[in-house]
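Please work through the exercises below with the sequence and the model side by side, and try each task before reading its solution.

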Amino acid sequence: MIAAVSLTLFWMAAFTLWWQMHAWRTPETLAATRFQPPRGGTELTFSLLVPARHEQLVLDHTITRLLESSHADFEILVIVGHDDPGTAGVAARAAARDPRVRVITDTHEVKNKPKALNTALPHCRGDVVGVFDAEDQVHPELLTHVDHAFRSTGADVVQGGVQLINFHSSWYSLRNCLEYFFWFRSRLHLHAQKGFIPLGGNTVFVRTGVLREADGWDQNCLAEDCDLGVRLSSTGKRVVVAYDSDMVTREETPGTLLSLLRQRTRWNQGFLQVYRKQDWHQLPTTAQRLLARYTLMTPFLQAFTGVVIPLNVAIALLLDVPVGIAFITFLPLITAAVTFVFEVVGLHDFGRQYGLRVRLTHYLKLVVGGPFYQLLLAGAAIRAVWRELRGRGEWELTSHVGAHLTHDSREEART
Amino acid sequence: MTSTLPAAAPDATAPDEAAPAPDRTPSSGKRHLTVRPVVRFRGSPPDLILCAVLLAAILVVQGWNIAGYPALSDDEGTYLAQAWAVQQGDGLAHYTYWYDHPPLGWIQIALLTWIPAAIAPDSMDVGTMRLAMLLVSAVSAVLLYVLARRLWLPRWAAGLAMVLFGLSPLAVVLQREIFLDNLAVLWMLLAFCLAASPNRHLWHHFAAGIAAATAVLTKETMLVVLPALLVTMWRYSHRDTRKFAVTGAVTACALIGLGYPLYALLKGELLPGAGHVSLWDGITYQMSRPGSGFILDAGSGSHGVWQSWLYYDRVLPLGGLAAALLLLLVLRWSVTARALAGPALAVAILALVAMRPSGYLPAMYVIQALPFLALVLAGAVASVAHAVLRRFREPGEPALYTGVRWTVALALAAGAVLYVGPRWYEGNRIATTVDANGPYRAAAAWMATEVQDPGRTRVLVDDALWLDLVHAGYEPGLGAIWFYKADLDPAVTKTMPGGWRDLDYVVASPTVRRDAVDLPNVRAALQHSEKVAEFGEGEDRVEIRRIYEGRREG
């Protein structure tokens, strides 16, 4: 029994590790994850959706940055709630300053991100719809690169990189940043290659026609981004992922542990919802369906692993089990150790890519914080299942304080 | 249909399967851009044909008379007997396993010989099971060829390396024997091949770490070669993915390696304690083995071992050492030298370790150096050939110069063949014709037929003959006794309260006579016994001696 559980865990962790390291498999794979340098000017027009809710502190900065884009033809649609005058005011002032900015008011009684996005979808005039969050820092060259990516690959969807930057803020933000790093830098590319991809929440670009054909976002899903990706890839739409460290959209981790827990719960619950919607059943091959099943279940498997590994080792060391069985119980620990080591190396690479000083204490935090972060993930997973079973599907929004902005300005001041 | 973006830059596209791809070292001005020749072994008929032909030659030379030469070694018997114990389900050895070596080596031997031993149990003796080593040699030889090609050697030089590795009389003699080192070499060669994988795949490097750990767990002395493996991996990985590849490999190697102490820990035998063996004691014993002296000090044990290697072949050990030195000296200027930095370093490390005056130098030590000696020697020859044929050559060189170059090259090659040919011919002629094990076989036959009641007879025998006696019906462990266990294993001495009086026979092979000096019980048994049969003559004779007042009479 223990041996069976251990072997299952071992293979699960091994596969997860295999996929997590996808981008670094060969130098050629790594090179292929980047944007191609744009050639031949810009041809497409963009509608950029920026849903904003109680985000008057960061919104203006975000819009200003977006307007600095080098692309020739784009509009910004800021979506604000009818009950949020603060944010609406910031948006209106921005619209008055620049004709490319428009304000869309969402009048839904109960608000969430997919509803806001769907409200704006009919107003989009561009060939391509892009989504950004109100706290995002977008690189001015991004649109030009995405334009080129659409044209050179004939893609229906382009997913750009998103990266949490404020790894110095706390022990969990460090791990959170690294999760993003491995996800957008590496794992998503594998999903794109395999033809099953849960899209990210922002820096995602979809051809307007494709999006309308798919009826926009699912308003009842807590992970509408993942859901959209699953639905589009299940109908055979071509998704392209590109990651360039200087072209990623920079974000911040949730400000408190509790809000991180809430955010993670929401994602997990969203994944669960997507799993139960069964759109992924339409995927053509068994391998793809397996990947889908596994990916959507990952948060829960992960939580399970976190609990079982220490238990297994304790059993092997304390109870009197045959040596062979004891060896098998150590297998999951081996994959966990390998994952740990790759995380440390990943942190080093992350620091290199973003020109950030990663100190010894950060590595220590990463290693020591590992088990606690596992606990957090396990907690979020359990909470998600609990909420889903109780039928609680409302949004728990995370508020943003702009830690990545201040950090970035400090960076700029230094250079 | 979804996919990642096509590659960013033209030079970053996946390399064509067959064509050489340019190395992506940025031309920063300081570093030269070297073209990285990618060899796809399986897709290259000339490579396959050459390799197959050489392999056939190696198999014939190594396989012919494999049971007859060289003389059966005590160590072979030890490992095969322990492999037999594994097959019998008796644990890692039929005596208490005391962490003398990591057990992975004879576990592999057990697997290799499993099917023949299951079909014909009596075939599980040293002479017959040497055939299993033929398989190991074959795989190692092919791996060496692949490695040579992956380390950028031209086809002919890779073939030369394979010939040196497989046909040198020294290699023929040692690779025939059931030594753990031969298995460890196979794993280490696999590790090197994976480290120099043309795909530069993260998981190839990871697997290289696992293979290296397996090599070390097969024969612990492989530990010293790991730095050379690391150098190779560093050199053949790509700048952008190197940190993941190398740390992955190191982690894999360390984790698998830790499996051994973990095994001891789980058995409660990690640290010394009363009433049980321990890994700690095993390591302490190996580290404190009396040194065999400085290798260049004539009269020392190490010097004797060194001379015994040179007796079989001078070309590979001396030529290889010189070649390694040459390559390390011209590291700055020679592409070949840089490509072979790993193997050259391996030779250097192994040479330095062998020269420790306080160290113990076993005869099979050279086995783990053989592939690296062969590689660097072939590499050096390739370097010299390149220097003679291509160095300073300009386009439109006069035909006369080219003629001179080729004449010199052919003269050198002819000289080498004239020097090596007769010596190797003689060495391999002996290896394929001389029967050194007639006395052993005769002694085994005598013990099987002339002794009345094998099941109740107690015999001191050396490890090489032990399995033959077991097949003849002697009780494994306390009936047929590894002779030194009569003095060294408490579990055995306990059953011999009367010392030599509790024994019936001693099969006094050269090994037994040699080691009896330090073993009181064995010495006493030899003194209180009479010769009842003798096979062979001189130093190599095998005597069967019956104890004067053994149990049966007394």
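The exercises that follow concern a predicted model, and each task is followed by a worked solution.

**Exercise 1. Work out the strand order of the open sheet of five strands in chain B, and then find its edge strands.**

Solution. Begin with the order across the sheet, which reads β4-β3-β5-β7-β6 in chain B, with mixed pairing. Next, look for strands that pair on one side only: these are β4 (480–482) and β6 (529–535) of chain B, the edge strands. Finally, follow the twist, which averages 25° from one strand to the next.

**Exercise 2. Describe how β7 of chain B pairs with β5 and with β6.**

Solution. Take β5 (residues 505–508) of chain B to start with: this strand and β7 (residues 542–547) of chain B pair in the antiparallel sense over four bridges, and B:Tyr505 has B:Arg546 in β7(B) as its bridge partner. Then turn to β6(B), which also pairs with β7(B) in the antiparallel sense, here over six bridges, with B:Ser529 standing opposite B:Ile547 of β7(B). The hairpin of β6(B) and β7(B) has six residues between the strands, and in this hairpin B:Gly536 takes a positive phi near 75°.

**Exercise 3. Which strands does helix α24 of chain B touch where it packs on the sheet?**

Solution. Helix α24 (residues 520–527) of chain B touches β3, β5, β6 and β7 of chain B. To place its direction, compare it with that of β5(B), with which the helix direction makes about 100°.

**Exercise 4. Decide whether helix α5 of chain A is enclosed or not, and say what covers it.**

Solution. The first step is to count the buried residues, where buried means that 20 or more other C-beta atoms lie within 10 Å of the residue's own. Eight of the eight residues of α5 (residues 113–120) of chain A are buried, so the helix is largely enclosed by the rest of the structure. Among these buried residues are A:Lys113, A:Lys115 and A:Asn118. The last step is to identify the cover, which includes β1 (46–51), β2 (74–81), β3 (101–106), β4 (128–131) and α9 (224–234) of chain A.

**Exercise 5. How many residues does each chain give to the contact between chain A and chain B, and which helix gives the largest share on the side of chain B?**

Solution. Count each side in turn: chain B gives 29 residues and chain A gives 39. On the side of chain B, helix α11 (residues 242–266) supplies the largest share, nine residues. Sorting that side by class then yields 14 nonpolar, 10 polar and five charged residues.

Terms used: Residues numbered from 1 in each chain as written. Chains lettered and ligands numbered in written order. Predicted model: local features only at pLDDT ≥ 70, side-chain atom pairs only at ≥ 80, totals over all residues. Pairing = 2+ DSSP bridges. Helix = DSSP H or I, 4+ residues; strand = E, 2+ residues; numbered from the N terminus. Axes fitted to C-alpha atoms, helices over the stretch in contact; angles between N-to-C directions. Contact = placed C-beta atoms within 7 Å. Nonpolar A, V, L, I, M, F, W, Y, C, P; charged D, E, K, R; others polar. Buried ≥ 20, exposed ≤ 12 C-beta atoms within 10 Å, placed from the backbone.
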